[in-house]
Amino acid sequence: MAETPHSMPASAVRAAHEIRVVVGRLRRRFKETYDNEELTPTQTAVLSRLSKDGPASTSDLAAAERVRPQSMAATLGVLDERGLIRRRPDPGDGRRQLISLSESGTAYVDDKRRAGEEWLARSLESGYTEAERQTIIEALALLDRLSGA
């Protein structure tokens, strides 16, 4: 087996490259499957983060998205105007507000996820055999181990 100059198997280097490329392509395709209703990538990322992680402060969201708190405040202002988030006092610190998804925000995120999964399921159904789909499921179990590495 050929190895790279750093004693890393060429297969590991190739797999790393291929995974990065495929994940990038899939992310772009997921984003194309639904209309973001003119939301920016940051606004969409904040909604997704709130959906996955639950309520957070403006400063926590800014740190998570690697933007300035002032920029996050502007992002949250737009989401608030659209009725996608709600604010409430932080029970642990009354000076702070906790941001969470509103019912509309939850429905928005759920609809976008469902649209992406429907596109993917249709693509898998029409473009792959049952055996290939099973191979994909098995490969994903292996790839999932990377997320815990």
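1. Let us start with A73, a residue of helix α4. In this predicted model, A73 is partly exposed, with a relative accessible area of 41%. Which class would that value fall into, and why? Partly exposed covers the range between the buried limit of under 20% and the exposed limit of over 50%, so A73 at 41% belongs there. A73 also gives a feel for distance: its C-alpha atom and that of E32 are separated by 27 Å, and the two residues are 41 positions apart along the chain.

2. Now look at how helix α4 meets helix α3. Two packed helices are described by the angle between their axes and the distance between the axes. For α3 and α4, the angle is about 110° and the axes are 9 Å apart. That makes α3 roughly perpendicular to α4. On the α3 side you will find T58, L61, A62 and E65, and they meet P69, M72, A73 and L76 of α4. By class, the residues of this contact are six nonpolar, one polar and one charged. A73 from the opening point is one of the residues in this contact.

3. Helix α4 also packs against helix α2. Here the axes come within 10 Å and cross at roughly 80°. The two helices are therefore roughly perpendicular to each other. From α2, the contact uses T42, Q43, V46 and L47, while α4 brings M72, T75, L76, V78 and L79. How many charged residues does the contact of α2 with α4 have? There are no charged residues in it, but six nonpolar and three polar ones. If you colour M72 and L76 in your viewer, you can find them both in the list for α2 with α4 and in the list for α3 with α4.

4. Between α3 and α4 runs a loop, and R66 has its place there. Most residues other than glycine have a negative phi, and most peptide bonds are trans. R66 is not a glycine, yet its phi is positive, at about 60°. Is R66 buried or exposed? With 75% relative accessibility, R66 counts as exposed.

5. Next come the strands. Strand β1 covers residues 85–90 and is joined to β2 by six bridges, the two running antiparallel. Together β1 and β2 form a hairpin, and two residues lie between them. To follow the pairing by eye, try two positions: R87 stands opposite I99 in β2, and D90 stands opposite D93 in β2.

6. Charged side chains deserve a point of their own. Side chains of opposite charge can pair when their charged atoms come close. This structure holds eight salt bridges. One of them links R49 with D53, where the closest N and O atoms are 3.6 Å apart. Both residues belong to helix α2 (residues 41–53), and because they are four residues apart, about one helical turn separates them. R49 is partly exposed at 26% relative accessibility, whereas D53 is exposed, with a relative accessible area of 55%.

7. A salt bridge can also reach between elements. D60 and R96 meet through their side chains, at 3.8 Å from N to O. D60 lies in helix α3 (residues 58–65) and R96 in strand β2 (residues 93–101), so this pair ties together parts that are 36 residues apart in sequence. D60 is partly exposed, with a relative accessible area of 41%, and R96 is partly exposed too, at 30% relative accessibility.

8. R96 has a further partner to check. Its side chain also meets that of D90 in a salt bridge, at 3.3 Å from N to O. Is D90 buried or exposed? D90 is buried, with a relative accessible area of 12%. Shared partners appear elsewhere as well: salt bridges of this kind join R49, D53 and E65 into one network. E65 is a residue you have already met, as part of the α3 side of the contact with α4.

Technical notes. Residues are numbered from 1 along each chain as its sequence is written. This is a predicted model: local features need pLDDT of at least 70, side-chain atom pairs count only at pLDDT 80 or more; totals for chains, interfaces and linings use all residues. Side-chain values use heavy atoms; hydrogens and water are left out. A salt bridge is a side-chain nitrogen of Lys or Arg within 4 Å of a carboxyl oxygen of Asp or Glu. Buried means under 20% relative accessible area, exposed over 50%, partly exposed in between (1.4 Å probe, protein chains only). Two strands pair if DSSP finds at least two bridges between them. Axes are lines fitted to C-alpha atoms, for helices over the stretch in contact, and angles run from 0 to 180 degrees between N-to-C directions. Angles under 35 degrees count as roughly parallel, over 145 as roughly antiparallel, 65 to 115 as roughly perpendicular and the rest as oblique. Contact means heavy atoms within 4.5 Å. Ala, Val, Leu, Ile, Met, Phe, Trp, Tyr, Cys and Pro count as nonpolar, Asp, Glu, Lys and Arg as charged, and the others, Gly among them, as polar.
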